[in-house]
Number of protein chains: 2
Amino acid sequence: MESKTAVAALAALAHESRLAGYRLLVQAGPDGLSVGDLQASTGIPPATLTHHLHALRRAGLIADTRDGRSIICRVDYAQMNALLAFLTENCCGDASACAPRTVCKPDRPTRRNRP
Amino acid sequence: MESKTAVAALAALAHESRLAGYRLLVQAGPDGLSVGDLQASTGIPPATLTHHLHALRRAGLIADTRDGRSIICRVDYAQMNALLAFLTENCCGDASACAPRTVCKPDRPTRRNRP
DNA sequence: TCCATAGTTCTAGAATAATAGAATAGATGG
DNA sequence: CCATCTATTCTATTATTCTAGAACTATGGA
């Protein structure tokens, strides 16, 4: 991962609302959540939520697909792992002693929720 | 870890200069680096570097101790691990399947560099 | 076609963060 | 105790991000 990508990802996460939304998506797993679900969970006004989701998208942390009237957001787990790996890269001068390479390898989305 | 602590830590890392400095410290391990070392590596003017280091300190990501005229900065590995754990907490709805609890357990600082 | 639902874009004022020069403080050696 | 080295604080300017109302677009059902 490039430094600029990591900065963008960290900046995207460095906000109470966005971090909360991202964590909900991480916990939701590969099926993701709709924008409406996120709005219901967080109580953020639609325009503000869109603004925040856009920041997460630009950073490559989440991706979304339309499902009828809803838009389903999902975490990009590869990007999540890459970010964690970047932070801990060569930790203590010896990569093998510290951080693992992969944190999460989620299953495919269920058929119901696949794009 | 509390959400506000995580946001503060992420915000502190969400900057090219600070991220670079933090990663240098992560790789330096428990012995840390002096402010002067960091300045030499990054080329950032002193006042600006202090400003950035202060952000990392406030966020609890690094701590420092004076050693003669120098100030030695070290990563707080517990905080680093807590942040990574917070991001991946209950990942995919099942903590045990995904993220590990601890990433790095560094040795104590060498005697030479201990406070 | 008409309506309700789900999200986005536009906009602009308010708040926060970044940058770095100059002055300052703290430690050590001569 | 003075010069020097190391780093911080003060300050002001510039730049970026946040917030959310209002208007708009897209989808699907009646």
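**A guided look at two matching chains**

Let us start at A:Cys91, which has 0% relative accessibility and therefore counts as buried (buried is under 20% relative accessible area, exposed over 50%, partly exposed in between, with a 1.4 Å probe and protein chains only). Its counterpart B:Cys91 is buried too, with a relative accessible area of 0%. A disulfide is a covalent bond between the sulfur atoms of two cysteines. Here a disulfide is counted when a pair of cysteine sulfur atoms lies within 2.5 Å, and over all chains the count is 0.

A word on how to read this: the model is predicted, local features need pLDDT of at least 70, side-chain atom pairs count only at pLDDT 80 or more, and totals for chains, interfaces and linings use all residues. Residues are numbered from 1 along each chain as its sequence is written, chains are lettered from A and ligands numbered from 1 in the order written, and side-chain values use heavy atoms, leaving out hydrogens and water.

Now walk along chain A. You will meet 5 helices and 3 strands, in the order α-α-β-α-α-β-β-α. Helices (H or I, at least four residues) and strands (E, at least two) are DSSP runs, numbered from the N terminus. Of its 115 residues, 43% count as buried.

How do the two copies relate? A rotation of 180° with 0.0 Å of shift along its axis lays chain A on chain B, with an RMSD of 0.0 Å (a least-squares fit on the C-alpha atoms of residues with pLDDT of at least 70 in both). The copies are thus related as by a two-fold rotation axis.
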